[in-house]
Amino acid sequence: MTATLLKSSTSPLNAPTIHRLANGLTIIAEQMPTEAVSLNIWLNVGSALESDEINGMAHFLEHMIFKGTVKLQSGEFERLIEQRGAVTNAATSQDYTHYYITTAPKDFAELAPLQVDVVMNAAIPDAGFERERQVVLEEIRRSQDNPRRRTFHHATELTFDRLPYRRHVLGPAAVVENLTAQQMRDFHTNWYQPQSITACVVGNLPVEELIQIVEDSFQQGAMKQALGMSSNFASSSQSLVPETPFTEIIRREVTDDSLQQARLMMIWRVPGLNDLQETYALDVLASVLSRGRTSRLVRELREERGLVSNISASNMSYLHQGAFYISAQLPTENLAVVEAAIAQHLQTLQTDLVTELEIAKIRTRTTNSFVFGNETPSDRSGLYGYYHTLLRDLEPAIHYPDYIQAIDAEAVQVAVQRYLSPSAYGIVAIRPGAE
């Protein structure tokens with residue numbers, strides 16, 4: 001086992017210690033003078049690792065984690081957490097799943113083993129599985145009734161032809177309806193292993209004590225032995241290579257009777273976290289385009305010309321690929337002119353440098369956001385867990401503001417030239433059904 005202390009030369013906020021055990025489990029700990037402790041258990045398994053036949057399993061399993069173990073009856077974990085005024089929750093994404101609790105420091109040694117027990121030793125009883133299936137199916141139905149989610153699903157299906165990021169994290173109802181409890185038990189045994197886990201703990205106890213409590217909790221929680229990996233569980237690793245950029249404009253037109261205004265999403269395939277250095281200039285570009293009322297797209301298309309009611313740009317970085325989205329809500333009659341205006345902005349950015357004032361504003365905002373996002377133990381444990389789970393490295397997490405500070409106008413221009421063609425992209429236009 002090893003322990004390493006990481007410090008940032010430019011940010012005194014972060015000084016986590018990394019402690020690795022012989023079984024592959026990584027514990028990241030940091031003392032923070034706030035009267036709380038957050039334990040965030042991250043696993044590098046999400047919907048991208050599922051096969052089509054079990055799409056939705058990782059998310060469904062997240063639900064079942066809280067349905068009891070040999071030691072804890074269903075509902076007992078939440079009852080014990082709530083009795084101490086602690087909180088717990090979980091989330092599943094394409095590339096990861098994580099579970100967390102936040103407790104008072106005095107309660108942490110008692111509650112941490114309970115969290116580890118439910119994560120590592122989920123019983124997944126048949127009856128509970130069938131009851132929770134209905135909850136998950138209702139969540140799928142609600143997501144289909146949400147206009148924003150529907151728009152995003154259309155966009156991801158156009159963005160990715162073959163990468164599993166094109167599928168929904170929740171899975172389709174037709175698949176979830178046919179999953180079995182035994183399939184889930186096998187999935188849990190395969191993936192919920194120490195080498196897949198980063199346990200991040202931040203709060204007001206000495207680092208050595210935090211590490212010891214977490215290590216003891218996992219030792220008490222007798223981790224299962226992995227089965228041989230089944231092809232029914234995992235998508236082919238050979239398919240997880242980036243898809244080529246669009247070479248022309250690919251359009252998808254959709255009608256949605258529930259909408260009052262149209263939706264527009266323009267899409268470019270860009271690098272993901274596996275090519276991390278290429279993502280920073282794209283992050284800056286997204287801010288140049290749409291962060292704040294004085295940003296380029298917001299100022300022209302919403303504030304000055306009134307063509308959109310809302311517009312935003314985002315650089316979404318999955319592990320194996322990224323997607324740069326520009327999305328707008330607008331009257332249907334403005335779809336063509338807004339698309340043309342966005343393309344013209346990108347054309348301008350390919351030839352004209354962004355201003356120093358724009359860059360300086362983004363640098364200041366990024367630094368402040370990093371400080372504000374480090375204020376609580378749950379903020380820090382989430383930051384460390386995300387980066388270590390996906391990249392096995394905390395340096396990019398701690399030094400993110402430094403990388404943004406290093407981006408200049410020339411780097412933004414190169415990123416636009418390389419990745420955001422004004423004449424080759426995907427576009428989804430969703431029109432109201434009746435106007």
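A residue is taken as buried when its relative accessible area is under 20%. By this cut-off I124, at 1% relative accessibility, counts as buried in the present model, which is a predicted one. I124 is located in the loop between α3 and α4. Its backbone is notable for a phi near 50°, a positive value in a residue other than glycine. A positive phi is also found at R392, where the angle is about 55° although the residue is not a glycine. R392 belongs to the loop between α13 (377–391) and α14 (395–398). In contrast to the buried I124, R392 has a relative accessibility of 35% and therefore counts as partly exposed.

The strands considered here form an open sheet of five members, arranged in the order β8-β12-β9-β11-β10 with mixed pairing. Its edges are occupied by β8 and β10 (310–317), each of which pairs on one side only. On average, and with direction ignored, neighbouring strands of this sheet are turned by 15° against each other. Helix α9 (residues 279–290) packs on the sheet, where it touches β9, β10 and β11 (322–330). The direction of α9 makes about 175° with that of β10.

Within this sheet, strand β12 (residues 426–432) has β8 and β9 as its neighbours in the strand order. Strand β8 (residues 250–256) runs parallel to β12, and seven bridges join the two. In this pairing, G426 of β12 is the bridge partner of I250. The pairing of β12 with strand β9 (residues 262–270) is antiparallel and extends over five bridges. Here M266 stands opposite I427 of β12, and R263 stands opposite I430 of β12. Both kinds of pairing rest on the same principle: strands of a sheet pair through backbone hydrogen bonds, either parallel or antiparallel. Six of the seven residues of β12 are buried, so this strand is largely enclosed by the rest of the structure.

Strand β9 also contains L264, a residue that is buried, with a relative accessible area of 2%. Excluding residues up to four places away in sequence, L264 touches I326, S327, A328, L330, L335, V338, E339, I342, I427 and V428. I427, one of these contacts, is also the residue of β12 that M266 stands opposite. The C-alpha atoms of L264 and L307 are separated by 12 Å, the two residues being 43 residues apart along the chain.

Among the helices, α3 (residues 108–120) and α8 (residues 207–220) form a contact in which their axes come within 9 Å and cross at roughly 40°. That angle makes α3 oblique to α8, and the crossing of the two helices is right-handed. On the α3 side the contact is made by F108, A109, A112, P113, V116 and M120. The α8 side contributes L210, I213, V214, S217, F218 and Q220. By residue type, the contact divides into 10 nonpolar, two polar and no charged residues. Regular spacing along a helix is relevant to such contacts, since an α-helix has 3.6 residues a turn, so residues three or four places apart point the same way.

Helix α1 (residues 57–64) is mostly covered, with eight of its eight residues buried. The buried residues of α1 are M57, A58, H59, F60, L61, E62, H63 and M64. The elements that cover them include the strands β5 (87–92) and β6 (97–103). The helices α4 (126–144), α6 (173–176) and α7 (181–191) are likewise included in this cover.

Two further helical positions were examined individually. T156 is placed in helix α5 (residues 147–159) and, at 3% relative accessibility, counts as buried. Leaving out residues up to four places away in sequence, T156 touches Y165, R166, Y318 and Y325. H345 lies in helix α11 (residues 335–351). With a relative accessibility of 15%, H345 also counts as buried, because the cut-off for this class is under 20%. Apart from its neighbours within four places in sequence, H345 is in contact with R296, L297 and E300.

Technical notes. Residues numbered from 1 in each chain as written. Predicted model: local features only at pLDDT ≥ 70, side-chain atom pairs only at ≥ 80, totals over all residues. Heavy atoms only, no water. Axes fitted to C-alpha atoms, helices over the stretch in contact; angles between N-to-C directions. Helix = DSSP H or I, 4+ residues; strand = E, 2+ residues; numbered from the N terminus. Parallel < 35°, antiparallel > 145°, perpendicular 65-115°, else oblique. Left-handed = near helix turned anticlockwise from the far one by under 90°. Contact = heavy atoms within 4.5 Å. Nonpolar A, V, L, I, M, F, W, Y, C, P; charged D, E, K, R; others polar. Buried < 20%, exposed > 50% of the residue type's maximum accessible area, 1.4 Å probe, protein only. Pairing = 2+ DSSP bridges.
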